[in-house]
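Here is a friendly walk through one structure, moving from charged pairs to a helix and then to strands. Keep the viewer open and follow along.

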Amino acid sequence: MKKRTTVSLLLISILYNMIFIPDFRPDNVSAYSKTGIETEQSITDATAYISDFLKWLPGWQSKSSVSTGNLILTPGSDESCMNFSWYSKTIGSPAVQISTDSAFMENTIIRGTATSISRSNGTTAYRAANHVSAKNYLQPGKTYYYRYTNTLDSTIVVWSRIYTFSTPDSSSVTAILTGDPQIGASGNIASDTYNWSRTLQQAVRTAPSASFLLSTGDQINHKTDYDPDCIRESEYAGFLYPEQLRSLPVAAAIGNHETKGSDYQYHFNTPNSDNNYGTTPSGCDYYFSRGNVLFIVLNSNSRKMSAHRKLMKKAITSHPDAVWRIVMMHHDIYGSGIRHSNRTSANLRTIFSPLMDEYNIDLVFSGHDHSYARSYPMLDGTALCYPGNTLTNPAGTTYISLGTSSGSKIYGLANPKQYYVAERSNNPIPTFSVLEATGNTLSLKTFNQSGNRYANDFTIRKEKKKSNPLTAVKKAKKIHKQNYTKSSYNKLKSALKNFENLFHITKSDKGAEKIEKYFRTAKDPLSYYGYAAGTTDALPAKFSTLLDKTRLHPLTVTPSAFTNAYNKVAKARKKLVKTKLQIKKGKKILKNGTKLTLKKGKKIRLKITATPARYKVSFTSHSKKYVSISNKRVIRAKKKGTASVTIRFQNRTIKLKICVR
């Protein structure tokens, strides 16, 4: 059972309140701090004594029984689309009515689908999950009014109250990011809901132009569909309670606390998920685009690397002009929390890290460890230690693990700090981040619940199309020397050796193959979320090449050293001098291994073309008593028997078999 340290006495609660709750924190207390939490901590007990919470509580209690059914928006596949989903007590004919004026004088009614369900929060029973998708309808820079119903085909149509959302112009993208609301993790759904709601209120004040929200998973806490006390839907009532979610679309990843339940796919209406790549009982991978940014949301509970690869390939192929590629998933494979970062999350590097390298992903957002951490750009498990917080054309992928947006559970930090961590914090305050992408600049700002900075601002500037330098290096290693001059090829070989001494490229990872092959079988080497009997600890040494590299042989490289080594390879490859060697007997081209027959005493003259002409061609007879070859390219048959002659030009060699009769 997990050990949790919570503030239990009133006096400690008040002190905690004064120090850590944003409304009471003195100005001289730094927001960028690391707190010595042994394992876990919650702000629940401190919340219980806030007067605002006590004023808020009756309102929540009056609405909690029906909040499970609240509508939630999800981004559609692009700016012209919007998805809607909600629960209803009866199954009917769901629809959404949309207009650009509040009187609905001109409007469009969009029909949806109703899925029969049997869900309850202990007070209210729901029989339908309703999904509606508005496709190719919305226009940029407008405010839309909408209302919804599940009785469109009834004699009397009962509409909801009217809500609004706004669509941004296409010049920039602004999104709010939250980590692990995990409503119910503290043991007090009301407290977690209050803090989650406060965080969203502040996030919208801080980023009023945000057009959607990214949630990195674990929206709720109860882990399985076995739920006789109806806890899961009670927790969803808390997650869906904030009024902001009726106007702010939410793209949510599937957390480990959701993956064994079926309700995620009922509450959320995700775009581009028809192929069910990366599926578990809760849902699957999906993607969408906004402006020049492609967002790919992976279900990291699935260890099917090949399925995730298909989804990522499909997403990227469908958005070839996207300037920025961002992945969101729940597990922080390069996080720094004490609970998971060196164990379960580290194991998943074997599956997900190679995909980020393969598809040139700029950023990966995750949660899971309830503490903030930003990695250096990672490439094949090696940290490229760029200085500062503004990066220009960085190689590799930056991984950002978000803290908790509700404060329901906060972890301690791993000790010692991992080699790949550029910045981290677990100051026990609910947090959120704001992502902005404008042209070739992408920035991330992280705040606490009061809107004060919680971490350093982080910026990436992209002045050229991103590529994976290792792809070029691997191609250079496959170049055949016989096609090039000795001197130019030796320079490439030397540059490759220099690069490999600096950067050790991961070879074939048999461990990753086993993890995928045996996922959710009796032979699954991992047990968490896989329904098998494997381990939850770090996999043993020699199981995975990449895991050993990141855990046992951590590597860091300065960007200048990496760039210099790579540039030498690129320059040497560019300056390779091609060679050509052609040998003819009459009009017949003689290839390596060609067999010629000559009568004793006869001779033939070979016609040889070799470029560059400044290099000499050499000739060798391996059985001179049978056959000779002169520098004038004449082969003479001297004695009956079999012999061979070799013609060499730089790294090219052609051997001819001569049979003397």
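## Strands, helix and charged pairs

Ser628 has Arg636 as its bridge partner in S34. Keep in mind from the start that this is a predicted model.

That pair belongs to the contact between S33 and strand S34 (residues 634–637), which run antiparallel and are joined by three bridges. Stepping back, S30, S34 and S33 form, in that order, an open sheet of three strands with antiparallel pairing. Strand S30 (603–605) and strand S33 (627–629) are the edge strands, since each pairs on one side only. From one strand to the next, the twist averages 15 degrees. As background, the strands of a sheet are held in pairs by backbone hydrogen bonds, in a parallel or an antiparallel sense.

### Strand S20 and its neighbours

Next, have a look at strand S20 (residues 398–401). Its side chains alternate: Thr398 and Ile400 point one way, Tyr399 and Ser401 point the other way, and all of them are buried. With strand S15 (residues 363–366), S20 pairs in the parallel sense over four bridges. One place to find this pairing is Val364, whose bridge partner in S20 is Tyr399. Strand S16 (residues 372–375) is also joined to S20, here by two bridges and in an antiparallel run. Ser401 of S20 stands opposite Ala373.

### Helix H12

Which residues of H12 are buried? They are Gly511, Ala512, Ile515 and Glu516. These residues lie on the same side of H12, because they cover an arc of only 135 degrees around the axis. Lys510 and Lys517, on the other side of H12, are exposed. The cover over the buried residues of H12 includes helix H7 (305–318), H8 and helix H9 (349–358). At the start of H12, Asp509 places a side-chain oxygen within 3.1 Å of the backbone nitrogen of Gly511.

### Salt bridges

Searching the whole structure turns up 17 salt bridges. Three of these pairs are set out below, with the closest N to O distance for each.

| Basic residue | Acidic residue | N to O distance |
|---|---|---|
| Arg339 | Glu40 | 2.8 Å |
| Arg343 | Asp537 | 3.6 Å |
| Arg232 | Asp225 | 3.9 Å |

Let us take the pairs in turn, beginning with the salt bridge between Arg339 and Glu40. Arg339 sits in the loop between strand S14 (324–328) and helix H8 (344–347), while Glu40 is in strand S1 (residues 40–41), so this pair ties together parts that are 299 residues apart in sequence. Both Arg339 and Glu40 are buried.

Now to the salt bridge of Arg343 with Asp537. Arg343 is in the loop between S14 and H8, and Asp537 is in the loop between helix H12 (510–517) and helix H13 (545–551), so the pair ties together parts that are 194 residues apart in sequence. Arg343 counts as partly exposed at 28% relative accessibility, and Asp537 counts as partly exposed too, at 44%.

Which residues do salt bridges with shared partners join into one network? The members are Arg119, Asp225, Arg232, Glu233 and Asp263. Within this network, is Arg232 buried or exposed? Arg232 is buried, because its relative accessible area is 0% and buried means under 20%. Its partner Asp225 counts as partly exposed, at 33% relative accessibility.

### A closer look at Arg119

Arg119 is found in strand S5 (residues 108–120) and is buried, with a relative accessible area of 12%. Its side chain makes a polar contact of 2.9 Å with the side chain of Glu233. Another polar contact, also given as 2.9 Å, links the side chains of Arg119 and Asp263. Leaving out residues up to four places away in sequence, Arg119 touches Tyr87, Thr124, Ala125, Tyr126, Arg127, Asp225, Arg232, Glu233, Ser262 and Asp263. To see the charged surroundings of Arg119 in your viewer, select the network members Asp225, Arg232, Glu233 and Asp263 along with it.

Notes: Residues numbered from 1 in each chain as written. Predicted model: local features only at pLDDT ≥ 70, side-chain atom pairs only at ≥ 80, totals over all residues. Heavy atoms only, no water. Salt bridge = Lys/Arg side-chain N within 4 Å of Asp/Glu carboxyl O. Buried < 20%, exposed > 50% of the residue type's maximum accessible area, 1.4 Å probe, protein only. Polar contact = N/O pair within 3.5 Å; in protein donor to acceptor, adjacent residues only side chain to side chain. Contact = heavy atoms within 4.5 Å. Arc of directions from axis to C-beta. Pairing = 2+ DSSP bridges. Axes fitted to C-alpha atoms, helices over the stretch in contact; angles between N-to-C directions.
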